[in-house]
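Biologist: I'm new to this one. Could you walk me through it and tell me how you reach each conclusion?

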Amino acid sequence: MKLSSVVVTLILTVGVSYYIYTPLPAAIEEPLKLMLLDALFRGDLCQCLGLSHHIPWIRGTISGLETLGEMAGGQRGGVRVSDVDFDRVPVRVYEPPAAGGGEGGLRRAVMFYHGGGWALGATSKCVYRLAPEVHFPVQYEDCLAAAKHFLEPGILGKLSVDPQRVAVSGDSAGGNLAAAVAQQISIDDSVSVKFSVQALIYPVLQGLDLNTPSHQQNHNIPILHRFIMARFWLLYLGVDTSLHPLLLSPSFLHHPSIPPSLRSHLNWTNLLPAKHIKHYKPVGMEMGSQEVMGQEGNLLPVLLDVRAAPLLAEQGVLGRTPRAYILTCEYDVLRDDGLMYTRRLQDAGVTVSSHHYDDGFHGALSFAHWPFFFDVGKRMIRGYMDWLQENL
C-alpha cells in the first residue's frame, strides 16, 4: 500500500513537472514563477480532459485571481470606483479623492483598454465586448464609441477633466484598440477634443506576418506563445481556429492582392534595428492545402483593415496622432510590432518614447502585484507612470 502510494505520488510529480517546465532564456528573472504562471493560464490540459473550452477556463482563472487580489489589496486609498455607461458601453471609472494636477483644479485622465486577446479581461465591467461571443469590428466599435462619449466637453466637465490632458492607453490587445482609436479620433473632425498622448503597452498591431524575428525567437516563451497569438487573432476575426496553421506558416505578404506600398508598412527588414533582426530572415510563401489556402479570401480583407492592424495605417494618418509611449519586451512575440510602430510613427513626425525591457516578457506589467510580484513588472509600472506624470 505504501509502495503504491509512493509510485502514484512519483508519477504525479513527474507529470506535473513535465507539464509546467518550459525552457526559458537566462535573462528572464524568476523563471519558476513564470513557468507556474504559464501553466496556470494554459487551457490545453483542460481541453484535453474535456472539462471546458479554454476561454471559459482562463476567464475563470482570471476572475479568481482578481477576487483574491482585491481581498489582499484592501482599500484603494480613497479612490472612488463607479460603474457607468459611455454611450451604452459599460466602463469602470476611477476617481482620486481630490482633483488637482492641472489648472483650475482639473484632473488628467487616462482611458485604458484592457488586454487579453480581445477575448479575456476584466470580469466585472469591461469597456468592450469579448470574443468569441462577438468579433471584429465590435470590440473596436465599442472602444471608439466609449472614447467619443468620454471626449465630449460636457462629460469631461462633469468629471473635472482637463480636455488638454487626456490619454488613451492599453496593453496587448488593448494596445491594439488604443492605437486604432487614437488614429480614428485624430482624423475625425467631428470630435473637438483629441487625445493628447497615446501609451501602448506591448501592443499587438498586425496579424499578417506572424514570422517576424520576435515571433520566431519567442515562439514558445510564456505567457503568449506564438500559436496562442494566432488563435486569438482567429477568435477576434470570427474565423475557425482550426485554421491557425494558415497564420503560422507563410506570411500573407506575398499575396498578389497586397500592393507593395502597403507591404512596406510592415517590412521589418527596414523597420527594425539590426540588433533585433539578428540572424532571422523573412519566411517565404509556402503553399498549404487547397482547403486552408482557400480561406485567404476571408482573412485578408480584415487583416488589411487598419482598424484591426493599426501598423498598416498611412503616414498621413499616423502623423496626426498624438505623441506616444510604446513599451516593448525582448521576450515577447509582439516585440517587433511595437518596435515597427515606433519607427513608423517617428518617420511620420510623431514624438515617441520607446521603453524596451531586455528582461521583459509579455504580460509582465499585469503580474507586478499579488500573487506574483514580478520585479520586471514593478519596473514597468514605475516607468509607465513616470512617463504619464511627465507628459500628460
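Modeller: Sure. One cut-off to begin with: contact means heavy atoms within 4.5 Å. And keep in mind that this is a predicted model.

Biologist: Okay, what does Asp332 touch by that rule?

Modeller: Leaving out residues up to four places away in sequence, Asp332 touches Tyr202, Ser214, Asn218, Leu224 and His362. Asp332 sits in the loop between strand 6 (323–331) and helix 17 (335–347).

Biologist: Which residues does UniProt place under "active site"?

Modeller: The unreviewed UniProt entry puts that feature at Ser172, Asp332 and His362. They are spread over 191 residues of sequence, yet they cluster in space, with a largest C-alpha distance of 10.6 Å.

Biologist: Why is Asp332 called buried?

Modeller: Buried means under 20% relative accessible area. Asp332 has 1%, so it counts as buried.

Biologist: And what makes Ser172 buried?

Modeller: The cut-off is again under 20%. Ser172 comes out at 9%, so it is buried too. Ser172 lies in the loop between strand 4 (161–171) and helix 7 (173–187). Beyond its neighbours within four places in sequence, its contacts include Gly115, Tyr202, Leu334 and His362.

Biologist: How do you know that the span of helix 7 agrees with what is expected?

Modeller: The expected span is 1.5 Å times one less than the number of residues. For the 15 residues of helix 7 that gives 21 Å, and the end C-alpha atoms are 22 Å apart, so the two agree.

Biologist: How many residues of helix 7 are buried?

Modeller: 13 of its 15, so helix 7 is mostly covered.

Methods
Residues numbered from 1 in each chain as written. Predicted model: local features only at pLDDT ≥ 70, side-chain atom pairs only at ≥ 80, totals over all residues. Heavy atoms only, no water. UniProt positions renumbered as here; feature names shortened; annotations may be inferred. Helix = DSSP H or I, 4+ residues; strand = E, 2+ residues; numbered from the N terminus. Buried < 20%, exposed > 50% of the residue type's maximum accessible area, 1.4 Å probe, protein only.
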